[in-house]
Amino acid sequence: MDDDGNDIPEVGPRKRTAVGFPAIAHSLQYAVEEMGVLRSGHTLRRLNHIDGFDCPSCAWPDQEHRSLAEFCENGAKAVAWEATRKSIGADFFAEHSVEDLRTRPGHWLEANGRLTEPLHLAEGDTHYRPISWNAALSLLADQLRALPDPNRAVFYTSGRASNEAAFTYQLLARKLGTNNLPDCSNMCHESSGLALSQTIGVGKGTVTLKDIADHADLIVIVGQNPGTNHPRMLTQLEKAKRRGARIVAINPLPEAGLTKFRNPQSARGLVGTGTKIADSYLPVKVAGDLALFSAVNRLLVEREDAAPGSVLDRPFIDRYTDGFDAASAAWRNLDWTDLLTRSGLTRRQLEEFVDEVLAAKSVIVCWAMGLTQHRDAVATIREIVNFLLLRGNIGRPGAGACPVRGHSNVQGDRTMGIWEKMPEVFLDQLGAEFAFEPPREHGRDTVDSIRAMRDGEVDVFMALGGNFVSATPDTAVTEAAMSNCALTVHIATKLNRSHLCHGREALILPCLGRTERDTTSAGDQVVTVEDSMSMVHRSLGRLAPASPLQRSEVDIITTLGYHLFGADDSVRWLELGEDYRLIRRHIEQVVVGFDRFEERLDEPGGFVLPNGPRDSRTFPTHNDKANFTVNVATPLEGPAGAPAAADDPLA
């Protein structure tokens, strides 16, 4: 990166190890540069601890027994980025016009520091200018109230919003009369949720941290780079390795973290040889994962034919599943040449992987966006479920599906109702709790929202966190679409590209970060999050806010609700904004699994939400069974690749 913040890509030799001393040095250097020595120490020692705050970096679960430094390099950098001592206000925006800011790199925009006061861009103006909170929220409420159709508003959510913020946000949107609640999950694990819902009835994973660390015999990691995106996962994989578990990595390129992990919290990791994580590596072709698992499932069926009763878990299949015969027939009809071409693997590699599977009593498959972003993502994940079902690897210790989420509460936001097509039972409960009739027509997801803005069908766009323009597909189309809105509104901690791709009028509303103390007349407020494995736990910020004019996400949403619906509304908006325990009491009544919410929140580490497939092998599908599916790959053609280098490990 140059002095102006422009990225300068560099290509160097492939790294063969991950973490170790370099990670410690980079983490501390960055933390001290942004926060200073004392602030860094005070902040990092609270990160991911029971009496502290949840890391805003990713959704990996916290282990039961926390280490002194319960964070990774990514987490330390994310916290330092948020808790920086740098800030921007009226002087900065007086100096820089919107046109000027559009020419700046995204990194430069955020690196200037925290937003400290509400900002307004009037129609035809060239600069954002300060505005009072009352004026900003009145303006927004007036615009929403004046809409000819509530569906001309879109309420976007980033996955870092707390459960309390997400619940009140979806309540506000539905009280207005719309289900237009797109979120960042539309762009990452939407395919996981759909595939899992279709096959096992629950759009979440079915394993716990202990399943990985203490019970699994074989862990298959597909389309995921833990060392890069979920470094704390490597600690659990190392524990699994130490007790004898086998790990297979499936990815087009080998990742350093799965090659060798140098645990920075152990002598072996710092001065010893480290731990080899992956026992074997399958260099699948890009988009070849569906062919790989289809081939593996065919081999499992054929081996069962050769030795009946020794390969497949027929009692599990017969009692708990449906569709096996159709799936089995489809696998038998697959063409081997096509499977090998699509997967990029040899028959021998696939047979050796099946040997690993048969040697394991319990198997977990982990995946991330290396699978979910393909055209055949849903089909691929359904095929992985087929693979798990064949040997009964769901609903017992050390076995199951493990989609590894990104943002720290992206799963919790969906649980709280941030979805454009929540089930009827949720809407029924929501309406009963707050004495109103929620809209039933499905709303717009992220892509449909962009299309609607492009076509002039959206007047107000509101974002609870995130960087919508940069995160969504087809940036140029999204930027142009945003300009068609009458008003764009962003609740944010820092300036980003989306704030500069605005409607005719725009607001930026500065909020507290995860690290900061949220104090109301009722005292310091606790928020909650849900991790990738359905654990719900508390998060309590400890730092003083960067500015007295910043407000919490919950406060912004509930005060807007008061401006929009008034003091006589069935929702006591201002009371909810003062005491988040009241929000959690409502969540208890609306969301399944949150009974005794406040009481269980006081348990060390929080509590786990119920999961039928995991807990009791009950599958809430249309037929109350786990469903095998037939999955057909989309024909794909691409240009011929360059020949591999002589020292390429994939050659």
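Student: Why is E238 called buried?
Tutor: Its relative accessible area is 7%. Buried means under 20%. E238 falls under that limit, so the label fits. Keep in mind that this is a predicted model.

Student: What makes the contact between R242 and E238 a salt bridge?
Tutor: Look at the distance from N to O, which is 3.3 Å between these side chains. The cut-off is within 4 Å, for a nitrogen of Lys or Arg and a carboxyl oxygen of Asp or Glu. R242 supplies the nitrogen and E238 the oxygen, so the pair counts.

Student: How do you know that R242 and E238 are separated by about one helical turn?
Tutor: Both sit in helix α12, residues 233-242. They are four residues apart there, which means about one turn of the helix.

Student: Which other pair sits within a single helix, and what makes it a salt bridge?
Tutor: Take R451 and D448, in helix α24 (residues 446-454). They are three residues apart, about one turn. Their closest N and O atoms are 3.4 Å apart. The limit is within 4 Å, so this is a salt bridge.

Student: Are R451 and D448 buried, exposed or in between?
Tutor: R451 has a relative accessible area of 44%. D448 has 32%. Under 20% would be buried and over 50% exposed. Both values lie in between, so R451 and D448 are each partly exposed.

Student: Which salt bridge ties together parts that are 326 residues apart in sequence?
Tutor: That is K204 with E530, whose side chains meet at 2.8 Å, N to O. K204 lies in the loop between α9 (190-200) and α10 (209-215), and E530 lies in strand β19 (residues 527-530), so the pair links parts far along the sequence, 326 residues apart.

Student: Are K204 and E530 buried or exposed?
Tutor: Both are buried. The word means that each has under 20% relative accessible area.

Student: How many salt bridges are there in the whole structure?
Tutor: A search finds 38. Some join into a network: K241, R246, D279 and E356 are linked this way.

Student: Where does E356 lie, and why is it called buried?
Tutor: E356 is in helix α19, residues 347-358. Its relative accessible area is 15%. The limit is under 20%, so E356 is buried.

Student: What is the separation of E356 and P635?
Tutor: Their C-alpha atoms are 30 Å apart in space. Along the chain they are 279 residues apart.

Student: What about H96: why does it count as buried?
Tutor: H96 has 8% relative accessibility. That is under 20%, so H96 is buried. Its place is the loop between α4 (90-95) and α5 (98-102).

Student: What makes V32, V37 and L38 a nonpolar patch?
Tutor: Members of a patch need over 30% relative accessible area and no salt bridge, and nonpolar side chains are joined within 5 Å. Take V32, in helix α1 (residues 21-35). V32 has 36%, which means it passes the 30% limit. It counts as partly exposed. Together, V32, V37 and L38 have about 320 Å² of accessible area.

Student: Now the helices. Why are α15 and α21 called roughly parallel?
Tutor: Their axes come within 9 Å and cross at roughly 25°. Angles under 35 degrees count as roughly parallel, so α15 and α21 qualify. Their crossing is left-handed.

Student: And why are α15 and α18 called oblique?
Tutor: The axes of α15 (residues 289-306) and α18 (residues 336-343) cross at roughly 140°. Roughly antiparallel needs over 145, and roughly perpendicular runs from 65 to 115. The angle fits neither range, nor the one under 35, so the pair is oblique. This crossing is left-handed too.

Student: What is notable about the phi of D474?
Tutor: Its phi is positive, about 55°, although D474 is not a glycine. D474 lies in the loop between α25 (468-471) and α26 (475-482). R596 also has a positive phi of about 55° and is not a glycine. R596 is in the loop between α29 (580-590) and α30 (597-601).

Student: Why is R596 called partly exposed?
Tutor: Its relative accessible area is 41%. That lies between the limits of 20% and 50%, so R596 is partly exposed.

Note on methods: Residues are numbered from 1 along each chain as its sequence is written. This is a predicted model: local features need pLDDT of at least 70, side-chain atom pairs count only at pLDDT 80 or more; totals for chains, interfaces and linings use all residues. Side-chain values use heavy atoms; hydrogens and water are left out. Patches are made of residues with over 30% relative accessible area and no salt bridge: like charges are joined within 9 Å, nonpolar side chains (Val, Leu, Ile, Met, Phe, Trp, Tyr) within 5 Å. Accessible areas come from the Shrake-Rupley method with a 1.4 Å probe; for residues, only the protein chains shown count as cover. Helices (H or I, at least four residues) and strands (E, at least two) are DSSP runs, numbered from the N terminus. Buried means under 20% relative accessible area, exposed over 50%, partly exposed in between (1.4 Å probe, protein chains only). Axes are lines fitted to C-alpha atoms, for helices over the stretch in contact, and angles run from 0 to 180 degrees between N-to-C directions. A crossing is left-handed if the near helix is turned anticlockwise from the far one by less than a right angle, and right-handed if clockwise.
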